[in-house]
Amino acid sequence: MTVIDTILTGSIAPLGPRAAPSAINKLPSTGKNWLGSEGFIKDAQGDRKNHGGPEKAVHHYAYDHYDGWKQEIGERIILNHAGAFGENLSTTGLTEETVAIGDVFQAGDAVIQVSQGRQPCWKLNIRFDTGDMALRVQRSGRTGWYYRVLQEGNVQAGDTLQRIERPSPEWTIRKAWHLLYVDTMNLAELAVMAELEHLAQNWRDYAIKRLASRKVEDWSRRLQG
């Protein structure tokens with residue numbers, strides 16, 4: 001069991017010189033937080049095309065990574081507390097190496113299931129005032145991950161996050177990341193990924209398209225804006 005150290009939610013506000021609508025600036029939310037099928041009721045997303053929705057209802061980022069980022073990019077005020085990466089859940093003890101696609105967790109009164117890894121976008125570059133922060137996150141594998149909600153309910157900081165089911169233990173977030181960004185043309189693994197039942201459909205589609213085209217997607221727009 002892991003303890004949920006912090007629950008974070010945010011409102012839409014302008015971000016960066018283009019004043020792009022974003023809710024990446026998430027703050028601790030105390031007391032009971034209702035978690036519905038598309039996320040915490042207090043939470044918002046500025047870009048509903050690429051953020052939020054049932055397969056990205058909750059974003060989890062390991063606080064375990066924060067010291068590593070301080071060593072890599074230097075001190076940042078936002079790295080002094082949870083929420084730097086726009087996450088909804090902050091814990092220690094769970095990372096991309098130990099969490100797998102399809103893992104089901106009891107979180108307070110809710111039940112959530114790991115659906116996919118997080119694909120970092122250019123908004124992290126602005127948030128961290130580091131021009132290649134999104135690329136750094138992608139290359140590091142310290143991306144975080146998303147959940148879908150199987151059972152709605154109240155969740156609060158201090159609740160336990162207890163894994164109750166693990167249908168695909170070999171398909172860790174780290175493994176999926178490695179296939180997506182490193183071992184990009186491993187056709188045998190892509191074929192398995194394309195059929196991975198609990199993986200979000202958009203990630204399965206990456207595998208399907210690569211198998212058909214033998215080409216890797218162009219990530220530049222997402223990473224650079």
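Q: In which loop is M185 found?

A: This structure is a predicted model. M185 is found in the loop between helix 4 and helix 5, the latter covering residues 187–194.

Q: Is M185 buried, partly exposed or exposed?

A: A residue is judged by its relative accessible area, and the partly exposed class lies between 20% and 50%. M185 has a relative accessibility of 31%, so M185 counts as partly exposed.

Q: Which residues form a nonpolar patch on the surface with M185?

A: The patch consists of M185, L187 and V216. Together these residues have about 200 Å² of accessible area.

Q: How should one read a sheet, and what is the order of the strands in the open sheet here?

A: Strands of a sheet pair through backbone hydrogen bonds, in either a parallel or an antiparallel sense. In this model, an open sheet of 9 strands has the order 1-14-10-11-12-8-9-2-5, and its pairing is mixed.

Q: Which strands stand at the edges of that sheet?

A: The edges are formed by strand 1 (residues 2–3) and strand 5. Each has a single partner strand, so one side of each is left without a neighbour in the sheet.

Q: To which strands is strand 2 joined?

A: Strand 2 runs antiparallel to strand 9, and 2 bridges join the two. Here T6 stands opposite S90 of strand 9. Strand 2 also pairs with strand 5 (residues 27–28), again in the antiparallel sense and over 2 bridges. In that pairing, L8 has P28 as its bridge partner.

Q: Which way do the residues of strand 2 point, and are they buried or exposed?

A: In strand 2 (residues 6–9), T6 and L8 point one way, while I7 and T9 point the other way. All of them are buried.

Q: How many bridges pair strand 10 with strand 11?

A: Strand 10 and strand 11 (residues 110–117) are paired over 4 bridges in the antiparallel sense. Within strand 11, V111 stands opposite Q106.

Q: How is a salt bridge recognised, and how many are found in the whole structure?

A: One looks for a side-chain nitrogen of Lys or Arg within 4 Å of a carboxyl oxygen of Asp or Glu. A search of the whole structure finds 10 salt bridges.

Q: With which residue does R163 meet in a salt bridge?

A: The side chains of R163 and D103 meet at 2.8 Å, N to O. R163 lies in strand 14 (residues 160–165) and D103 in the loop between strand 9 and strand 10, so this pair ties together parts that are 60 residues apart in sequence. R163 has a relative accessibility of 31% and therefore counts as partly exposed, whereas D103, at 0%, counts as buried.

Q: What is the distance between the closest N and O atoms of R166 and D103?

A: In the salt bridge of R166 with D103, these atoms are 3.0 Å apart. R166 lies in the loop between strand 14 and helix 4, and the two residues are 63 residues apart. R166 is partly exposed, with a relative accessible area of 33%.

Q: Which parts of the chain does the salt bridge of R174 and E97 link?

A: The side chains of R174 and E97 meet at 3.8 Å, N to O. R174 belongs to helix 4 (residues 173–181), and E97 to the loop between strand 9 and strand 10, 77 residues apart. R174 is partly exposed at 30% relative accessibility, and E97 is partly exposed at 43%.

Q: Which residues are linked in a network of salt bridges?

A: The network links E72, D132, R136 and R142.

Note on methods. Residues numbered from 1 in each chain as written. Predicted model: local features only at pLDDT ≥ 70, side-chain atom pairs only at ≥ 80, totals over all residues. Heavy atoms only, no water. Buried < 20%, exposed > 50% of the residue type's maximum accessible area, 1.4 Å probe, protein only. Pairing = 2+ DSSP bridges. Patch = residues over 30% accessible without salt bridge, like charges linked within 9 Å, V, L, I, M, F, W, Y side chains within 5 Å. Areas by Shrake-Rupley, 256 points an atom, 1.4 Å probe, with all protein chains shown as cover.
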